[in-house]
Amino acid sequence: MKHASRFAAAPAWNRRDFLRAAGLVSAGLALPSGLAACGNGSGGGQAALPLTVDPATPWWLQNGYEPVFDERTSADLRVRGRIPSSLSGLYVRNGSNPQNSDSQHWFFGDGMLHGVRFERGRAVWYGNRYVRTPLYEKGVAFNDPDLPPFGGNNQSNVSCVHHAGRLLTSGEIGFPYLIDPADLSTIGVHDFAGALKTSFTAHPKIDPASGDLHFFGYGFLPPYLTYGVADASGHVVHTQEIPVAATTMIHSFAITERDVIFWELPVVFSLAAAIAGADNPFSWTPSYGARLGVLPLGGSADDLRWVEIENCYVFHEVNAYRDGDEIVIDVCRHDRMFDDSDLSDSALRLHRWRIDTAGAQLTCRDAIVEDLELELPSHDRRFSGRPHRYGWFVTTRHHPDTVDLAGVALLDYRSGALRTWDPGPARHANEAFFVPEGPGEGEGWLLSLVYNRAEQASDLCILDALRPDKGPVAEIRLPRRVPHGFHATWIPS
């Protein structure tokens, strides 16, 4: 394997060893052999190459986004540094990977999973598999007239969730797919034993107290928006239509220990445009307006209350929680989306919404938390719906012709401190998924797939979640380049 000589297998360390090593660094002492090289930098001593974008090819089909087409399984993984001994489980990440390299948008490629199995601090295998959807099997695009976008007719390319002993993948719309964690193969469509009648969100939420899975789905025909709950055993126990006027792209939502919060924002679906074969049937429609809806957790739409906000677009939230009568939601807020511009053109900032629920009418305050452009957030999911101190993000570099992913950032919402890891100008991090170890919030590790443009290779990097600025404690060189993707999950052994 090219450049494999830089990597050497090493014994596992636990978190206490790593933190002790971090103390040695601050004291100016030497690190144990094999760990000192795991800091910032572009990797391999390679000079940074300029990121150029071919205008004749969509940006989501080139550079770090360029799809791969074969499926591999490899147990020959080289490690630089030492993997924490506590890591035992499966890391798996989903993403858009068009099999014919002809996707109309980054969001519309076939789903492909990339996974790494860990056993007591050893990286046992890497594998990648397409999600076998009807669109994949037929080799067609999103808007194929013979496969209307209902049920299992979706790419299942956005995210993964592990709930009730099942590994599920999901896309923007439609049903999820059941995946075998032993080899990432597709078992089939999962409709919760027939109880799922509409769509299943790309971002379901698991209540850490009850184990219930809260989800929503939007559709292109009525009902446009629905909300559901599956209990800890995976049985759907509640469904509810949420009355809205049209189909809008609602990519995620939030929960607290008492509430469900939806955001209906002015990215509106056009059925006529879809029938006409538009590359993207969603468009920025400011006249539709923007609002937040709140109803009791597991409750009835009869109790739903809305509050209008300034037009914007939000793909992802960090987390939400109750603060007395107020609901606090931390979001990655874009000023617009899907107008004549592209993803890289919107103004992106971290915002905090505070919804006051005390009065007869909801009110909302909106404040900027951080001016840096940060996206693809993660949090410690043991605190989902509860007050959180930490959020993790992917940083970006400005580029006029593409979405240029960069490093990893930790924001301390209590102090305002921001700690960042810049992997170097020729390396590009993806979502940093948090895996817990200690009992306190943020005690654990971040796992991020990092593309090395200088070497045309990818590493799974492991960082101390509370000190990502110190750089990876371990880097696992994968047997193939992994395209930039979306969201991951962790299945503990």
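Which strand does R354 lie in? That would be β22, residues 348-356, and the legends below come back to it after a look at the whole chain.

This is a predicted model, in which local features need pLDDT of at least 70 and side-chain atom pairs count only at pLDDT 80 or more, while totals for chains, interfaces and linings use all residues. Residues are numbered from 1 along each chain as its sequence is written, and side-chain values use heavy atoms, with hydrogens and water left out.

**View 1. The whole chain.** The protein chain has three helices and 33 strands (DSSP runs numbered from the N terminus: helices are H or I with at least four residues, strands are E with at least two). Its radius of gyration is 22 Å, close to the 23 Å that the globule rule gives for 493 residues, so the chain is as compact as a globular protein of that length (the radius is taken over C-alpha atoms, and the rule is 2.2 Å times the number of residues to the power 0.38). Along its principal axes, the C-alpha trace spans about 65 × 50 × 45 Å. Buried residues make up 58% of the 493 (buried means under 20% relative accessible area, exposed over 50%, partly exposed in between, with a 1.4 Å probe and protein chains only). Take the contacts between residues at least 6 apart in sequence: 60% of them join residues at least 24 apart (contact means heavy atoms within 4.5 Å).

**View 2. R354 and its two acidic partners.** Back on β22, R354 has a relative accessible area of 18%, so it counts as buried. Its side chain makes a polar contact of 3.2 Å with that of D323 and another of 2.6 Å with that of E326 (a polar contact is a pair of N or O atoms within 3.5 Å; within protein, one must be able to donate a hydrogen and the other to accept it, and residues adjacent in sequence count only if both atoms are side-chain atoms). Not counting residues up to four places away in sequence, R354 also touches I327, V328, T363, C364 and R365.

**View 3. H487 in its loop.** H487 is found in the loop between β32 (474-477) and β33. Why does H487 count as buried? Because its relative accessibility is 5%. A polar contact of 2.9 Å joins its side chain to that of E431. Neighbours within four places in sequence aside, the contacts of H487 include three other histidines, H203, H251 and H316. V92, R93, N94, V158, S159, C160 and L376 are also in contact with H487.

**View 4. L374 on β24.** L374 lies in strand β24 and is buried, with a relative accessible area of 0%. Leaving out neighbours within four places in sequence, what is L374 in contact with? The list runs C332, L348, L350, F393, V394, T395, A409 and L418. For scale, the C-alpha atoms of L374 and N128 are separated by 28 Å, and the two residues are 246 apart along the chain.

**View 5. The largest cavity.** The structure holds six cavities of 30 Å³ or more, and about 650 Å³ of space lies in the largest. (On a 1 Å grid over the protein atoms alone, a cavity is a set of points where a 1.4 Å probe fits but cannot get out, and a pocket is an open set with protein on both sides within 12 Å along at least five of seven lines; lining residues have an atom within 4 Å of a point. Grid points are joined across faces, edges and corners, and a volume is the space filled by probe spheres set on the points.) The largest cavity has 42 lining residues, with W106, F107, F315, L343 and F486 nearest its centre. Strands β20 (313-323), β24 (374-378), β25 (390-397) and β26 (404-412) each supply at least two of the lining residues, and β25 gives the largest share, three. By class, the lining has 20 nonpolar, 17 polar and five charged residues (Ala, Val, Leu, Ile, Met, Phe, Trp, Tyr, Cys and Pro count as nonpolar, Asp, Glu, Lys and Arg as charged, and the others, Gly among them, as polar).

**View 6. The largest pocket.** This pocket has a volume of about 750 Å³. Of its 33 lining residues, I206, R381, S384, F433 and T489 are the closest to the centre. The lining has 15 nonpolar, eleven polar and seven charged residues.
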